[in-house]
Amino acid sequence: MPLFVILGVSMSGDIVWSITATALVVFMVPGLALFYGGMDRSKNMLNMLNMNMYCLGIVPLLWVTFSWTLGNSSDGSGFWGGDLIGNWDQFGLNGMNLQPDSLIGVAFLMTFASITPALISGAVADRMKFSAWALFVPVWVLLVYTPVTYWVYSGWHAEMGALDFAGGTAIHINAGAAALALILVLGKRKGWPSETSPPHNLPLVMLGTGILWFGWFGFNVGSTTEGTTQAVQSLLNTFVAAAAGMIGWLLIEKIKDGKPTTLGACSGVVAALVAIPPAAGHVGGLASIIFGLVAGIGCYFLIGLKNKLGYDDSLDVVGVHGGGGIIGGLLLGLFADNSAINAEPGGFQDGVFFGGGELFIDQVLAMASVIGFSFVLTFVIAKAIDATVGLRVSEEDEVAGLDQSQHSETAYNL
């Protein structure tokens, strides 16, 4: 195995790449903050940045103490370490000193845990107390994200044979279901839907999209477990799917609305980047184009459901992340292809189009379980917080803007 020398210390190429991938995913969080912030109202820009960056502060502390061991440590016996939740063997990273191969896994998956609640922030823009958000994030990570990530990668999902290469179910579907529950408890923004506000800074949205696209290579390629072929295939799939998502959204936007938009191009890229993670290392050929096109076009229509059904999803988290994640998981059940990744068959279940069939059913069961669990438990958590510290700012604070009312700052001193 090739060796690299960094600051005089020899490390394997795998470790070097994992360190790089971890840094790329960390960079996604400020990218997401800019993406959401540019879409938000100018008077709430700093609040959105703070909601995202707060996740990089609180979640790593929770991850290295409780969530790593409960979300990943398994011995396959009893309740603790069985099918539903991990055990306490690695509490506080117990016994993991001088184990770089293990510690880099802790660090890499910690970035997944950090960005997942940040995704939810876009759904509650303009109206949630920052103090309520500060309480919600650690409670949700511990009670919802931790068991879900265990199910997907160590527990009953993995044993069943369901696939989630880089977080489609554990991250995006999980966040989308939680976002829907949270906004139902939180309620609609003042004046919505009759009063709407366009994105206040589209260049920031574009910049955030570029950062997310860049970081997503770490997100997907960093999840590689089967060697060089899978790594390169996941990189190619990520790139091509995002490109197809952009084109798909722009095409349907031109057909339906008459003009392609900057926001549409960015939304198409993100929708496809949401759809491809569960399959990035499990599909080959031109499947990534299909993932991107279906996600771009599908999510365009899915975000319209909020107006028809009456839920105020401020920045389309439910439609793009929840909907895009489901699209990716279902398409994976059709297109998973061992022959594209492994020299010998048997690494994972094939999809319907490659001689399988059971995988599609397993994907549906896995996604449905996460949607139900995340929605119900998030609803309970939101209700509990609302009954104690309160979820929502006052009408006066909402009108004034959350930058001033929650942080005593302004993003733009004009």
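What follows is a chat between a student and a teacher about reading this predicted model.

Reader: Before we start, what kind of model is this, and how are residues numbered?

Author: This is a predicted model, where local features need pLDDT of at least 70, side-chain atom pairs count only at pLDDT 80 or more, and totals for chains, interfaces and linings use all residues. Residues are numbered from 1 along each chain as its sequence is written, and side-chain values use heavy atoms, with hydrogens and water left out.

Reader: How many helices and strands does the chain have?

Author: Helices (H or I, at least four residues) and strands (E, at least two) are DSSP runs, numbered from the N terminus. Here you get 15 helices and 2 strands.

Reader: What does the radius of gyration say about the chain?

Author: The radius of gyration is taken over C-alpha atoms, and the globule rule is 2.2 Å times the number of residues to the power 0.38. For this chain the radius is 21 Å, close to the 22 Å that the rule gives for 414 residues, so the chain is as compact as a globular protein of that length. Along its principal axes, the C-alpha trace spans about 60 × 50 × 45 Å.

Reader: And how do I read "buried"?

Author: Buried means under 20% relative accessible area, exposed means over 50%, and partly exposed is in between (1.4 Å probe, protein chains only). In this chain, 54% of the 414 residues are buried.

Reader: Which residues show me those classes?

Author: Try three. Met 48 is buried, with a relative accessible area of 0%. Leu 93 is partly exposed at 21%, and Ser 408 is exposed at 61%.

Reader: Where is Met 48, and what does it touch?

Author: Met 48 sits in helix α2, residues 45-72. A contact means heavy atoms within 4.5 Å. Leaving out residues up to four places away in sequence, Met 48 touches several residues, among them Tyr 36, Asp 40, Ser 121 and Leu 315. Sequence and space can be read side by side here: Met 48 and Asp 126 are 78 residues apart in sequence and 8.5 Å apart in space, C-alpha to C-alpha.

Reader: What share of the chain's contacts join residues at least 24 apart?

Author: Take the contacts between residues at least 6 apart in sequence: 75% of them join residues at least 24 apart. For another pair to look up, try Ile 341 and His 282, which are 59 residues apart in sequence and 6.7 Å apart in space, C-alpha to C-alpha. Ile 341 lies in the loop between α12 and α13 (358-388), and at 5% relative accessibility Ile 341 counts as buried.

Reader: How many salt bridges are there?

Author: A salt bridge is a side-chain nitrogen of Lys or Arg within 4 Å of a carboxyl oxygen of Asp or Glu. A search of the whole structure finds 5. Start with Arg 189 and Asp 126, whose closest N and O atoms are 3.2 Å apart. Arg 189 lies in the loop between α6 (168-186) and α7 (202-221) and Asp 126 in the loop between α3 (100-120) and α4 (130-153), so the pair ties together parts that are 63 residues apart in sequence. Both Arg 189 and Asp 126 are buried.

Reader: Which other partner does Arg 189 have?

Author: Arg 189 also meets Asp 312 in a salt bridge, at 2.8 Å from N to O. Asp 312 is in the loop between α11 (305-309) and α12 (317-335), and this pair is 123 residues apart. Arg 189 and Asp 312 are both buried. Arg 41, Asp 126, Arg 189 and Asp 312 are linked in a network of salt bridges.

Reader: Where should I look for backbone oddities?

Author: Look at Trp 192 and Pro 193, which are joined by a cis peptide bond with omega at about 5 degrees. Pro 193 is in the loop between α6 and α7.

Reader: And which residues have a positive phi without being a glycine?

Author: Leu 93 does, with phi at about 60 degrees, and you find Leu 93 in the loop between α2 and α3. Ser 408 does too, at about 55 degrees, in the segment after α15 (402-407).
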